[in-house]
Amino acid sequence: MEQVPCLSCGQFFTPRNKKQNYCSAVKCQRTRKADWQRHKIKTDPDYKRDQRISQKKWLSSNPDYWKSYRLNNREKTERNRALQRLRNKSRLKKVRPGKPVIAKMDVRKDAVRPVDIMSSGQFWLVPVIAKMDAAKVFLRVL
Ligand SMILES: [Zn+2]
C-alpha cells in the first residue's frame, strides 16, 4: 500500500488499511484516541454523560489529583490562571458585577489581588484578540 503522511506527526508510513490516518507511534496513537474521544463527546450525548460520571468517580477516589498537578506543573498552572482571569474579565461584562464567575465561591476577596505591574518578574503575555498561545516573559522595571 502507498505511504501516507501521519495526521499527527506528518511522517510518512504504510497504513494497514485505507482508514488508518495515524502512524503506530505511541504519541500519535494517543492523539488519534484523543481526537476520536473529542469527536465522540461532541456527537454522542450518552457517551458524554458516561464520561462525566466516570471522571467524577475517578476524581472522588483521587481527591488530591488537581492539588498535586498544580504543585508539579507550576508554569501551566500560572498560564491557566492568567487565561482564566482573562475569561472571567470578559464574562464579568455579561453577568452581575460582584458575583463570582467560576465555581470557586469561597474565595476571600483579599486573596484576589491585582497583578503588581511595577515589580520585576515573570508574567504571561496573553493575546486578547488573536487566538494564539500565551507566552511567558520576564519583565524588569528600569
Ligand atoms: Zn505519527
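**Group meeting: a sparsely buried predicted chain**

The protein chain has four helices and four strands. This is a predicted model, so take the confidence values along with the geometry. In sequence order the pattern of the protein chain is β-β-α-α-α-α-β-β.

Confidence, then. Mean pLDDT for the protein chain is 84, with 79% of its residues at 70 or more. Which elements have the lowest and the highest mean pLDDT? Strand E3, residues 121-125, has the lowest, at 75, and H2 has the highest, at 97. Where pLDDT is low, the predicted coordinates should not be read in detail.

Next, burial. The protein chain has 142 residues, and 2% of them count as buried. As for contacts between residues at least 6 apart in sequence, 16% join residues at least 24 apart.

Now helix H2, residues 45-61. What span should its 17 residues have, at 1.5 Å a residue? The expected figure is 24 Å, and the end C-alpha atoms of H2 are 25 Å apart, so the two agree. H2 is also hardly covered: among its 17 residues, zero are buried.

On to the strands at the far end of the pattern. E3 pairs with strand E4, residues 135-139, in the antiparallel sense, over five bridges. One of the bridge partnerships joins Gly121 to Leu139 in E4. Is E3 covered or in the open? E3 lies largely in the open, because the number buried among its five residues is zero. E4 is hardly covered either, with a count of zero buried among its five residues.

Two residues to look at on the screen. The first is Ala82, in helix H4, which runs over residues 74-92. Buried, exposed or in between: what is Ala82? A residue needs 20 or more other C-beta atoms within 10 Å to count as buried; Ala82 has 17, and is therefore partly exposed. Setting aside neighbours within four places in sequence, Ala82 is in contact with Trp124, Val126 and Ala134. Ala82 and Ala134 are 52 residues apart in sequence, while their C-alpha atoms are 9.0 Å apart in space. Trp124, another of these contacts of Ala82, falls within the residue range of E3, 121-125.

The second is Gln3, in the segment before strand E1, which covers 4-5. Gln3 has 9 other C-beta atoms within 10 Å, and so it is exposed. Which residues is Gln3 in contact with, leaving aside neighbours within four places in sequence? They are Phe12, Phe13 and Thr14. From Gln3 to Phe13 is ten residues in sequence, and 5.1 Å in space, C-alpha to C-alpha.

To recap: 2% of the residues of the protein chain count as buried, H2 has the highest mean pLDDT among the elements, and E3 and E4 form an antiparallel pair.

Note on methods
Residues are numbered from 1 along each chain as its sequence is written. This is a predicted model: local features need pLDDT of at least 70, side-chain atom pairs count only at pLDDT 80 or more; totals for chains, interfaces and linings use all residues. Helices (H or I, at least four residues) and strands (E, at least two) are DSSP runs, numbered from the N terminus. A residue is buried if 20 or more other C-beta atoms lie within 10 Å of its own, exposed if 12 or fewer, and partly exposed in between; C-beta atoms are placed from the backbone. Two residues are in contact if their C-beta atoms, placed from the backbone, lie within 7 Å. The expected span of a helix is 1.5 Å times one less than its number of residues. pLDDT is the predictor's confidence in each residue, from 0 to 100. Two strands pair if DSSP finds at least two bridges between them.
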